[in-house]
Amino acid sequence: TTFAQSLNDISTPEKKRKHYLGMHAGSTTGYGVSYRYWPDKLGLQVTLFPYISSDNSFLSLGISGLMKVHELEKLDVFLYLGNHFRYSQDKYYYDYNQYEIDNYFNWSIGFGGGLNIRIAKILRLSVMTGLGNYDILNNYQLTFAGEVGFYYTF
């Protein structure tokens, strides 16, 4: 007796997707265009939103660490530590050709847990929540943090 298999019967392991590119909005992880490098258990996320004009400038920069806790077929459970830096510069005109420039810098730190949901083979929805320390340099505030991202993986 002989046994045979066709190529369709052999299941090939799914390619490990290390790179994530998408949009992210988070109170302690930043908002804007986001890139994640997540090769194995530990990962890094960078989120950036720049805005520059003649009168106003704004920058949101998020740098976050990620750690997978549990990996399932359609869902990853992970922990995160987020840093969100915001800088703005505004010109306030109070008379013709006379203005005042206001600079503002804010740094927020947050930590918590999240779910990375596999919507399709290459799409991920990331939902995160935890605690955030807002404006830790000027006016310290501790409250809940919420983060969400939508990513293309490759």
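R118 turns out to be buried, with a relative accessible area of 17%, which puts this arginine under the 20% mark used for that label. The structure here is a predicted model, and R118 makes a handy starting point for walking through its charged side chains.

In general, side chains of opposite charge can pair up when their charged atoms come close. By the rule used here, the model has 3 salt bridges. One of them brings together R118 and E71, with 3.4 Å from N to O. R118 sits in strand β6 (residues 98-118) and E71 in strand β4 (residues 56-71), so this pair ties together parts that are 47 residues apart in sequence. E71 is partly exposed, because its relative accessible area is 43%, a value between the 20% and 50% cut-offs.

R118 also has a salt bridge with D76, and here the closest N and O atoms are 3.2 Å apart. D76 belongs to strand β5 (residues 75-95) while R118 lies in β6, so the contact links parts 42 residues apart in sequence. Both R118 and D76 are buried. For D76, the relative accessible area comes to just 1%.

D76 has a salt bridge with K68 as well, where the closest N and O atoms are 3.9 Å apart; that still counts, because the limit is 4 Å. K68 is buried too, with a relative accessible area of 10%. What do the shared partners add up to? R118 pairs with D76, and salt bridges with partners in common join K68, E71, D76 and R118 into one network.

Next comes the largest pocket, which holds about 180 Å³ of space. It is lined by 12 residues, and the closest to its centre are K16, R17, E71, R118 and R124. So two names from the network, R118 and E71, turn up again here. What kinds of residues make up the lining of the largest pocket, by class? The count is 10 charged and 2 nonpolar residues, with no polar ones.

A last stop is D135, which is found in the loop between β7 (123-134) and β8 (141-153). Its phi angle is near 50°, a positive value in a residue that is not glycine. Is D135 buried or exposed? D135 is buried, with a relative accessible area of 9%, again under the 20% cut-off.

Note on methods:
Residues are numbered from 1 along each chain as its sequence is written. This is a predicted model: local features need pLDDT of at least 70, side-chain atom pairs count only at pLDDT 80 or more; totals for chains, interfaces and linings use all residues. Side-chain values use heavy atoms; hydrogens and water are left out. On a 1 Å grid over the protein atoms alone, a cavity is a set of points where a 1.4 Å probe fits but cannot get out, and a pocket is an open set with protein on both sides within 12 Å along at least five of seven lines; lining residues have an atom within 4 Å of a point. Grid points are joined across faces, edges and corners, and a volume is the space filled by probe spheres set on the points. Ala, Val, Leu, Ile, Met, Phe, Trp, Tyr, Cys and Pro count as nonpolar, Asp, Glu, Lys and Arg as charged, and the others, Gly among them, as polar. Helices (H or I, at least four residues) and strands (E, at least two) are DSSP runs, numbered from the N terminus. Buried means under 20% relative accessible area, exposed over 50%, partly exposed in between (1.4 Å probe, protein chains only). A salt bridge is a side-chain nitrogen of Lys or Arg within 4 Å of a carboxyl oxygen of Asp or Glu.
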